[in-house]
Amino acid sequence: MEPRSRRPVRGRRRAAAALAAVLATAVPAAAADSPGARAPSVPLRVATYNIHAGAGADQVFDLDRTARAVRDLRADVIGLQEVDVHWGARSDFVDEARALAGKLGMRVFFAPIYDLDPATPGGERRRFGVAVLSRYPVLEAENHEITRLSTQTPDPVPAPAPGFAEVTVAVRGAHVHVYSTHLDYRADPSIRAAQVADMLEVLAADRGPKVLVGDFNAEATAAELAPLWRRLRDAAPGGGGTYPAVDPVKRIDLVTVSPDITVVGAEAVATRASDHRPVVADLRLHRRGR
């Protein structure tokens, strides 16, 4: 299935996207309508998880353990960060995006940040980025560019680069845009501030409910994230720390939603399958918000 092309965002190129559909899954039963809703609501359980390329808090690569941790979230749509695709020995050159989709029986869209030549002639290209797993049909998918400071080149300068994933998911009559992001890790907040502005430009070009998840490498109260809260809201303000996975001291992995989405509950989940903890949120969408 190929994603349909869409209008360009002002002043920014959009990288080409490839959509991989794997095993179909059952659709979960609908929850009761929320009081006062004008149309029946549908539940959506979303999560975000920086999987540390499949290595746990013990630094041991174990993708089966990663898959179990993701499965235990019981999420319908999951944004992943630090996903290796034939990247290197640290992850056994595995295509982690497809492997996890296969293990979990979900659809997957992988959005590379880096796409490098093979390690050996004739080998697979080495890619690293973010991904979205979905139990529901994915109607469109795109790999957007945002400002980045490369970790793969000497003396990098801020420049547009891919790796901001967007999928449009059909959830029992409601369409929702889900974005997975991984923001800059450096102490200087200027790159993250530019990335926030770029992401908001992408979101502004889309209509309907929106869910932005990811590793923001900053807490929700950070000044560089402040513009987000004019368009979105934090789904788990009291959900607990996410980094490091063992005795977390920071909450930098966030689920955020547009005002037309109801948040039923959200929490960080204790697991050592990565150096981050995942965050899961139970949401309700309304069919009127397309």
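**Reading a Predicted Model Feature by Feature**

Tutor: Let us begin in the loop between strand 11 (233-234) and strand 12 (253-257), where Pro244 lies. Please keep in mind throughout that this is a predicted model.

Student: Which residue does a cis peptide bond join to Pro244?

Tutor: The residue is Tyr243, and the omega angle of the Tyr243-Pro244 bond is about -10°.

Student: Which value does phi take in Ala53, and where is the place of this residue?

Tutor: Phi of Ala53 is near 55°, which is a positive value in a residue other than glycine. Ala53 belongs to the loop between strand 3 (41-50) and helix 1 (63-72).

Student: What is phi in Arg74, and in which loop is Arg74 found?

Tutor: Arg74 also has a positive phi, near 55°, and is likewise not a glycine. This residue is found in the loop between helix 1 and strand 4.

Student: How should I read relative accessibility here: does Ala53 count as buried or exposed, and does Arg74 count as buried or exposed?

Tutor: The cut-offs decide the matter: under 20% is buried and over 50% is exposed. Ala53 has 4% relative accessibility and therefore counts as buried. Arg74 reaches 56%, so Arg74 counts as exposed.

Student: Let us turn to the strands. With which strands does strand 6 pair, and in what sense?

Tutor: Strand 6 (residues 126-134) pairs with strand 4 (residues 77-85) in the antiparallel sense, over 7 bridges. Strand 5 (residues 107-116) also pairs with strand 6 in the antiparallel sense, over 9 bridges. Individual bridges can be followed in the structure: Gly79 has Val132 of strand 6 as its bridge partner, while Pro112 has Gly129 of strand 6.

Student: How many residues of strand 6 are buried?

Tutor: Strand 6 is mostly covered, with 8 of its 9 residues buried.

Student: How does one read aromatic pairs, and what is the count here?

Tutor: One considers the distance between ring centres and the angle between ring planes; centres within 6.5 Å make a pair. By this rule the count comes to 4 aromatic pairs. One of them is Trp87 with Tyr114: the ring centres are 6.4 Å apart and the planes lie at 35°, so this pair is tilted. It links distant parts of the chain, since Trp87 is in the loop between strand 4 and helix 2 (96-104) and Tyr114 is in strand 5, 27 residues apart. Both Trp87 and Tyr114 are buried.

Student: Which aromatic pair do Tyr114 and Phe128 form: stacked or tilted?

Tutor: Tyr114 and Phe128 are stacked, at 6.3 Å centre to centre with 20° between the planes. Tyr114 belongs to strand 5 and Phe128 to strand 6, so this pair ties together parts 14 residues apart in sequence. Both residues are buried, and together with Trp87 they form one aromatic cluster.

Student: Which charged end sits over the ring of Trp87?

Tutor: The charged end of Arg126 does so, 4.4 Å from the centre of the ring.

Student: Finally, how is a pocket to be read, and how much space lies in the largest pocket?

Tutor: Rolling a probe the size of a water molecule over the atoms reveals where empty space remains. In this model, the largest pocket holds about 540 Å³ of space. There are 28 residues lining the largest pocket, and the closest to its centre are Glu82, Phe128, Thr151, His182 and Tyr185. The lining divides into 11 nonpolar, 10 polar and 7 charged residues. Phe128 therefore appears twice in our reading: in the aromatic cluster with Trp87 and Tyr114, and by the centre of the largest pocket.

Terms used. Residues numbered from 1 in each chain as written. Predicted model: local features only at pLDDT ≥ 70, side-chain atom pairs only at ≥ 80, totals over all residues. Heavy atoms only, no water. Buried < 20%, exposed > 50% of the residue type's maximum accessible area, 1.4 Å probe, protein only. Helix = DSSP H or I, 4+ residues; strand = E, 2+ residues; numbered from the N terminus. Pairing = 2+ DSSP bridges. 1 Å grid on protein atoms, 1.4 Å probe; cavity = no way out; pocket = protein on both sides within 12 Å on 5 of 7 lines; lining within 4 Å. Points joined across faces, edges and corners; volume = space filled by probe spheres on them. Nonpolar A, V, L, I, M, F, W, Y, C, P; charged D, E, K, R; others polar. Phe/Tyr/Trp six-rings, centres within 6.5 Å; stacked < 30°, edge-to-face > 60°. Lys NZ or Arg CZ within 6 Å of the ring centre and 35° of its normal.
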